[in-house]
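These are my notes from a session with one model. I set down what I looked up, entry by entry.

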Amino acid sequence: MATIREIMDLPLSPVEKGEPVHFKNPPKAFYEAIGQEEGMKELMYDFYDKIYESTIAHFFPQDEEEFEKVKEKNTKFFIQICGGPKVYEGESQGMDLNEYMIRLHDDFSITEKSRIEWLGTMRDALADKAQHVDIDLIKEFWDYLENFSKLTVNTFADGSTYYAAYTQAKEEVAGSNFSEVVFGEP
Ligand code: HEM
């Protein structure tokens with residue numbers, strides 16, 4: 001169980017251009033606790049409904065059918081990245097899932113401000129749809145989002161752009177994949 005206060009207190013650290021980003025895929029226990037495919041769908045559809053009320057709505061398709069496709073693909077991605085069934089695999093053209101996801105975001109000019117809005121929107125969706133989940137599991141899910149989202153930021157306050165290179169060192173840490181991603185040279 002988690003309280004709204006605990007969820008709203010989830011931490012947010014700023015992106016630093018060029019810094020190494022460490023992240024770990026979320027645990028399968030989060031996927032189980034949220035309610036597997038149905039629970040994840042509920043969370044992600046709520047997230048996207050909130051996205052359309054947010055300051056980053058303009059990034060996303062305004063066409064209803066296209067919007068529906070993004071909702072669906074996004075749900076499948078999160079099911080798979082949390083260790084659920086491999087329902088997104090076909091989309092990533094054989095590429096590592098996380099690498100594919102970073103490259104997909106290259107098409108959009110994402111700033112730190114947009115990242116914070118994206119994370120804030122996700123935090124609101126968690127507060128509405130994940131109170132039945134243990135706060136420690138939510139924290140692990142959040143950790144992935146908070147860190148991984150840094151790799152989607154490619155446009156900086158000084159007007160420069162910087163795209164994360166995917167240099168991955170995988171080690172087994174406590175039975176899970178640990179990924180280290182380092183920003184490439186500008
Ligand atoms: C943890 C960080 C993030 C993850 C895991 C993530 C994941 C995803 C996924 C799974 C999709 C759908 C992919 C597909 O079409 O197959 C997507 C699309 C998208 N995401 Fe993210 N995202 C993240 C952060 C962000 C941030 C910070 C922004 C900021 C604006 C953003 C903007 C978008 C946009 C604009 C699209 C595409 C919509 C379209 O297809 O037109 N994402 N993201």
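Entry 1, the packing of α7. I looked up what lies over the buried residues of α7 in this predicted model. The cover includes α1 (4-8), β1 (21-24), α2 (28-34) and α6. I then listed the residues concerned: in α7, L137, I138, F141, W142, Y144 and F148 are buried. I asked myself why they can be assigned to the same side of α7. They cover an arc of only 155° around the axis, and therefore I place them on the same side of this helix.

Entry 2, the length of α7. I checked the span of the helix against its number of residues. At 1.5 Å a residue, the 14 residues of α7 should span 20 Å. The C-alpha atoms at its ends are 20 Å apart, so the expected and the computed values agree.

Entry 3, the ligand. I asked which residues come nearest to the ligand. Of the 21 residues around it, these are F59, K73, F77, W118 and S149. I noted next the elements that give two or more residues to the shell: α4 (64-81), α5 (97-105), α6 (112-129) and α7 (135-148). The largest share, four residues, comes from α4. I also sorted the shell by residue class and obtained 13 nonpolar, five polar and three charged residues. I record that α6 and α7 both appear among the elements contributing to the shell, and that α6 is also among the elements covering the buried residues of α7.

Entry 4, backbone angles. I looked up Q36 and found its phi near 50°, a positive value in a residue other than glycine. Q36 belongs to helix α3 (residues 36-51). I count Q36 as partly exposed, because 14 other C-beta atoms lie within 10 Å. For Q93, phi is likewise positive and near 50°, again in a residue other than glycine. Q93 lies in the loop between α4 and α5. Is Q93 buried or exposed? It has 7 C-beta neighbours inside 10 Å and therefore counts as exposed.

Entry 5, confidence. I looked up the pLDDT of the chain, which averages 89, with 89% of the residues scoring at least 70. Over residues 168-178 the pLDDT is below 50. Beyond near neighbours in sequence, I find 15 contacts for this stretch in the model. Where pLDDT is low, predicted coordinates should not be read in detail.

Note on methods. Residues numbered from 1 in each chain as written. Predicted model: local features only at pLDDT ≥ 70, side-chain atom pairs only at ≥ 80, totals over all residues. Near = placed C-beta within 6 Å. Nonpolar A, V, L, I, M, F, W, Y, C, P; charged D, E, K, R; others polar. Expected span 1.5 Å × (residues − 1). Buried ≥ 20, exposed ≤ 12 C-beta atoms within 10 Å, placed from the backbone. Arc of directions from axis to C-beta. Contact = placed C-beta atoms within 7 Å. pLDDT = per-residue confidence, 0-100.
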